[in-house]
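Visitor: Please take a close look at one part of this structure, the charged contact between side chains, and then set it in the context of the rest of the chain.

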Amino acid sequence: MRWIILTVSLGLATPVAAEDDERGRDMMAEALGLFMQGFIAEMEPAIDGFQGFLQDFNAYHPPEVLPNGDIIIRRKSPVEIDDGGDIEL
């Protein structure tokens, strides 16, 4: 008799557990979405500043390593910057 009660109670508990599990997943997905929206909103000024920083790289030639180990980064002239500065690979 105990086995029957145990089997019936486990059978009835399984759909409830599955429903709770699915609801938990939905809540976690919603929380992750809200977190990402907040993170992007907070990081947007930094990302915009980083894009400006990357555009500033166009004003310089690639670094050169001298035989003594010094590294030189030369600034391009205004004519070279306006030219578009094609990179040879």
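**The salt bridge and its surroundings**

Guide: In this predicted model, a search of the whole structure finds one salt bridge. The partners are Glu64 and Arg74, whose closest N and O atoms are 3.1 Å apart, and that separation qualifies because the criterion asks for a side-chain nitrogen of Lys or Arg within 4 Å of a carboxyl oxygen of Asp or Glu. The pair links distant parts of the chain, ten residues apart: Glu64 belongs to strand 1 (residues 64-65), while Arg74 sits in the loop between strand 2 (71-72) and helix 2 (78-82).

As for the surroundings of each partner, Glu64 has a relative accessibility of 33% and counts as partly exposed. Arg74 is likewise partly exposed, with a relative accessible area of 42%. Neither value is under 20%, the limit for buried, nor over 50%, the limit for exposed, so both residues fall in between.

To place this contact in the fold, it helps to follow the chain as a whole. The protein chain has two helices and two strands, and read along the sequence these elements give the pattern α-β-β-α. Of the 89 residues in the protein chain, buried residues make up 3%. The accessible surface of the protein chain comes to about 8,300 Å², and carbon and sulfur atoms account for 65% of that area.

Another side-chain contact can be set beside the salt bridge, this time between rings. A search of the whole structure finds one aromatic pair, formed by Phe35 and Phe39, with 6.2 Å from centre to centre and 20 degrees between the planes. The pair counts as stacked because planes under 30 degrees apart are classed that way. Phe35 and Phe39 are four residues apart in helix 1 (residues 2-56), which means that about one helical turn separates them. Phe35 is exposed, with a relative accessible area of 53%, whereas Phe39 is partly exposed at 41%.

Both rings also contribute to a nonpolar surface patch of about 670 Å², made by Leu32, Phe35, Met36, Phe39, Ile40, Met43 and Ile47. Phe35 and Phe39 can be counted in such a patch because its members need over 30% relative accessible area, and their values are 53% for Phe35 and 41% for Phe39.

To return to the part you asked about, the charged contact joins Glu64 to Arg74, running from strand 1 to the loop between strand 2 and helix 2.

Methods
Residues numbered from 1 in each chain as written. Predicted model: local features only at pLDDT ≥ 70, side-chain atom pairs only at ≥ 80, totals over all residues. Heavy atoms only, no water. Phe/Tyr/Trp six-rings, centres within 6.5 Å; stacked < 30°, edge-to-face > 60°. Buried < 20%, exposed > 50% of the residue type's maximum accessible area, 1.4 Å probe, protein only. Patch = residues over 30% accessible without salt bridge, like charges linked within 9 Å, V, L, I, M, F, W, Y side chains within 5 Å. Areas by Shrake-Rupley, 256 points an atom, 1.4 Å probe, with all protein chains shown as cover.
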